[in-house]
Amino acid sequence: MSDAGTGYEKKDIRLSAAAWLGGIIVILITAAALICAWLFGFFDERVTSKEVLRLPGREASEPSPPADVIVQRQALEHATSEQLGSFGWIDAEKDRVHLPIERAMQIIAEKGELPVFEVAEEEDQ
């Protein structure tokens, strides 16, 4: 009998070969998972034991800044953000003001052109 006219393969797969292939795939996936778990443990031990590289310019024994410096910095940041977000006079005689950045961008967008500022030259004393 000839299989030429059937149009499909009549031969079954070999179960032993499929079982071997499946077993090899399972072994490879298990080995990869074990290697990953070992690497995570290895690098976690390095981080917790402080064997990491230090950034230049800052030593591990360098103390943190005093509390009053932190409070001064926070006050400066607050004052700066207050000025950046509010309207006010820089110089009333020269009609110079400070305004929030968003409002300045709206004004420039409405005008359609970039403003030109004069640079004040310092007088020699």
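How exposed is F42, in terms of relative accessible area? In this predicted model, F42 is partly exposed, with a relative accessible area of 36%. This residue also takes part in two ring contacts, and the paragraphs below come back to it after a look at the chain as a whole.

The overall layout is a good place to start. The chain contains 3 helices and 2 strands. Read from the N terminus, these elements follow the order α-α-β-β-α. Of the 125 residues in the chain, 2% are buried. The accessible surface of the chain amounts to about 12500 Å², and carbon and sulfur atoms account for 61% of that surface.

Helix α1 spans residues 15–48 and holds both W38 and F42. These two residues are 4 positions apart, about one turn of the helix. The structure has 2 aromatic pairs. In one of them, the rings of W38 and F42 have centres 5.6 Å apart and planes at 15°; planes under 30 degrees apart count as stacked, so this pair is stacked. The other pair joins F42 to F43, with 5.1 Å from centre to centre and 75° between the planes, an edge-to-face arrangement. Taken together, the ring pairs link W38, F42 and F43 into a cluster.

How well covered are these rings? W38 has a relative accessibility of 56% and therefore counts as exposed, because the exposed class begins over 50%. F43, at 45%, counts as partly exposed, and F42 is partly exposed as well, at 36%. The aromatic residues also belong to a wider surface feature: I35, W38, L39, F42 and F43 make up a nonpolar patch. The accessible area of this patch is about 520 Å² for the five residues together.

Helix α2 offers a contact of another kind. This helix covers residues 67–84 and includes R73 and E77, which are separated by 4 residues, about one turn of the helix. The side chains of R73 and E77 meet in a salt bridge, with a distance of 2.9 Å from N to O. The structure holds 1 salt bridge in total. As for exposure, R73 counts as exposed, with 57% relative accessibility, whereas E77 is partly exposed, with a relative accessible area of 43%.

The two strands come next. Strands β1 and β2 run antiparallel and are joined by 3 bridges. They form a hairpin with 4 residues between them. Across the hairpin, G88 stands opposite H98 in β2.

What does the side chain of H98 reach? H98, whose place is in strand β2, extends its side chain to the backbone oxygen of Q83, at 3.3 Å. With a relative accessible area of 18%, H98 is buried, because the buried class covers values under 20%.

The turn of the hairpin holds one more detail for a reader learning about backbone angles. Most residues other than glycine have a negative phi. D95, however, has a positive phi of about 55° although it is not a glycine. This residue is found in the loop between β1 (88–91) and β2 (96–98). Its relative accessibility is 61%, so D95 counts as exposed.

Both ends of this hairpin description can be set side by side: D95 in the turn is exposed, at 61%, while H98 in strand β2 is buried, at 18%. In helix α1, the stacked rings of W38 and F42 and the edge-to-face rings of F42 and F43 share F42 as a partner. In helix α2, the salt bridge between E77 and R73 completes the picture of side-chain contacts described here.

Conventions:
Residues numbered from 1 in each chain as written. Predicted model: local features only at pLDDT ≥ 70, side-chain atom pairs only at ≥ 80, totals over all residues. Heavy atoms only, no water. Buried < 20%, exposed > 50% of the residue type's maximum accessible area, 1.4 Å probe, protein only. Areas by Shrake-Rupley, 256 points an atom, 1.4 Å probe, with all protein chains shown as cover. Phe/Tyr/Trp six-rings, centres within 6.5 Å; stacked < 30°, edge-to-face > 60°. Pairing = 2+ DSSP bridges. Salt bridge = Lys/Arg side-chain N within 4 Å of Asp/Glu carboxyl O. Patch = residues over 30% accessible without salt bridge, like charges linked within 9 Å, V, L, I, M, F, W, Y side chains within 5 Å. Polar contact = N/O pair within 3.5 Å; in protein donor to acceptor, adjacent residues only side chain to side chain.
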